[in-house]
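Student: I am new to this protein. Can we go through it with short questions and short answers?

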Amino acid sequence: EQHQYEDQVSTALAESRVMREREDRGLREAERRAVEESRRMFDTHAASHLETQAQRAIQQSNADYDRHQQQIFEDEVGSVMASSRHMAQSQRQQEEQNMLQAAMSASNRDAEQLFQTQYDAELQAALQMSMEAAGIRPESHFQSQHSPAETQLSLKLAQEAEATERRQLQAEQDEAYRLSLLEDQRKEAARVEAEAALNIARAEAEARRMRAEEEEERKVKEERERVEEEERRRLAMWHDLQRVVTVKEGRLPIEPQGDADVEVCELLIDVSSTNQRLHRSFLLSDRSSSVYAYVAWSVASNVVGATESEPSAADLSHADLAKTHELVSNDKFQLVQAFVGGQTLKNDNSTLKESGIGRRDKFIVKSVI
């Protein structure tokens, strides 16, 4: 009867195992199909989202650049206008100085003429008084003193003086015209130079704008490529964690359910990097590597099981996923007893009893990255 019972139990377990394997294969196939469908949908959504973000970034960059270039152009125009005003003011000051010099020259000539006239009048009056005192008539003295030749010479001298004065006046007018012409030429040259400087400033501003646009497009392209590469790496790590869950789950022993005839140990494990506290029972005859498989399976399941399909960047950040992936992908952690001087549980095929594990023990996870 015992043998028959054991055969029946074995047969039932075998059938149960076969059914469970069939169900597992069906579930894995359904999960694979769901994952492929969700990945296709996510790729479409991610591409559209990235393109929208890139367009918004380019539009914002163009707007900022246009405002910046407008400000630069206004500053350069203001500088050119200020330079033009300064040149015009200098020209006005030079013109006023020339006018003042001309006025002073004319005033000096008028003063000299007035002084000569007064001197001649005073000399004539003194001569007349002397002649009257001597009893000489001015008419007779003039007639006696000046001969026709002398009169003609005086007239010739007066004509020559008048001609000299006319020539001097003409020379002054010619010099004033020459100075005015030079001033007009200088103003025209300054205007042409200002226009050339303004055109150069505009060309330089346009060149800077084009360079800035090219630089902004390059940055946007690099950012889009970086985001896409980060997304690819994030999805690759997520799928790798799925593989870890599947592999580690197959290495887990059956958890004992309070059988008094077997030696059981209860383990508490703190995973500070993911804020998890794990609790599970093992047989003392279980391998130490089974505990490591359980920790890796629990940490990976905490990430993979949080979403039914591939997570987006909003659901799971690249940093959190990378931290979990580095911890469990190749068992890059150690289990250390949670007390001072606690021993490290080796990840090998030795049993928990051989490793010195008691009925109840506590461990902490330390990364060895």
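Tutor: Begin with a term: a salt bridge is a side-chain nitrogen of Lys or Arg within 4 Å of a carboxyl oxygen of Asp or Glu. The model is predicted, so local features need pLDDT of at least 70 and side-chain atom pairs pLDDT 80 or more, while totals for chains, interfaces and linings use all residues. Residues are numbered from 1 along each chain as its sequence is written, and side-chain values use heavy atoms, with hydrogens and water left out.

Student: How many salt bridges does this rule count?
Tutor: Each one needs a nitrogen and an oxygen that meet the rule just given. The count comes to 22.

Student: In what order do the helices and strands of the protein run?
Tutor: Helices (H or I, at least four residues) and strands (E, at least two) are DSSP runs, numbered from the N terminus. The protein has five helices and five strands. From the N terminus on, the order is α-α-α-β-β-α-α-β-β-β.

Student: What is the order of the strands in the sheet, and which strands stand at its edges?
Tutor: Two strands pair if DSSP finds at least two bridges between them. The sheet is open, with five strands in mixed pairing and the order 2-1-5-3-4. Each edge strand has a single partner, so one of its sides is left without a neighbour in the sheet; the edges are strand 2 (276-283) and strand 4 (344-345).

Student: Which residue of strand 5 stands opposite Gln334?
Tutor: Strand 3 (residues 333-337) and strand 5 (residues 360-367) run antiparallel, joined by five bridges. Opposite Gln334 stands Lys366.

Student: What angle does the direction of helix 4 make with that of strand 2?
Tutor: Contact means heavy atoms within 4.5 Å. Axes are lines fitted to C-alpha atoms, for helices over the stretch in contact, and angles run from 0 to 180 degrees between N-to-C directions. Helix 4 (residues 288-304) packs on the sheet and touches strands 1 (264-271), 2, 3, 4 and 5; its angle to strand 2 is about 145°.

Student: How many residues of strand 1 are buried?
Tutor: Buried means under 20% relative accessible area, exposed over 50%, partly exposed in between (1.4 Å probe, protein chains only). In the protein, buried residues make up 23% of the 369 residues. Strand 1 is mostly covered: of its eight residues, the buried ones number seven.

Student: Which residues are the partners of Leu267 in strand 2 and in strand 5?
Tutor: Strand 1 and strand 2 run antiparallel over eight bridges. Strand 1 and strand 5 pair in the parallel sense over five bridges. In strand 2, Leu267 stands opposite Arg280; in strand 5, its bridge partner is Asp361.

Student: Which residue takes a positive phi in the hairpin of strand 1 and strand 2?
Tutor: The hairpin has four residues between the strands. The phi in question is near 55°. The residue is Asn275.

Student: How far apart in sequence are the parts that Glu266 and Arg360 tie together?
Tutor: Glu266 forms a salt bridge with Arg360, with the closest N and O atoms 2.8 Å apart. Glu266 lies in strand 1 and Arg360 in strand 5, so the parts they tie together are apart by 94 residues.

Student: Is Asp270 buried or exposed?
Tutor: The side chains of Asp270 and Lys362 meet in a salt bridge (3.5 Å, N to O). Asp270 lies in strand 1 and Lys362 in strand 5, so the pair ties together parts 92 residues apart in sequence. Lys362 is partly exposed at 32%. Asp270 has a relative accessible area of 18%, so it counts as buried.

Student: Which residues are joined into one network by salt bridges?
Tutor: The bridges in question share partners. The residues are Glu29, Arg32, Arg33 and Glu36.

Student: About how many helical turns separate Glu175 and Arg178?
Tutor: Their side chains meet in a salt bridge (2.5 Å, N to O). They are three residues apart in helix 3, so the separation is about one helical turn.

Student: Which residues outside its sequence neighbourhood does Lys248 touch?
Tutor: Lys248 sits in helix 3 (residues 148-250). Lys248 is buried, with a relative accessible area of 8%. Not counting residues up to four places away in sequence, it touches Ala293, Ala296, Trp297 and Asp331.
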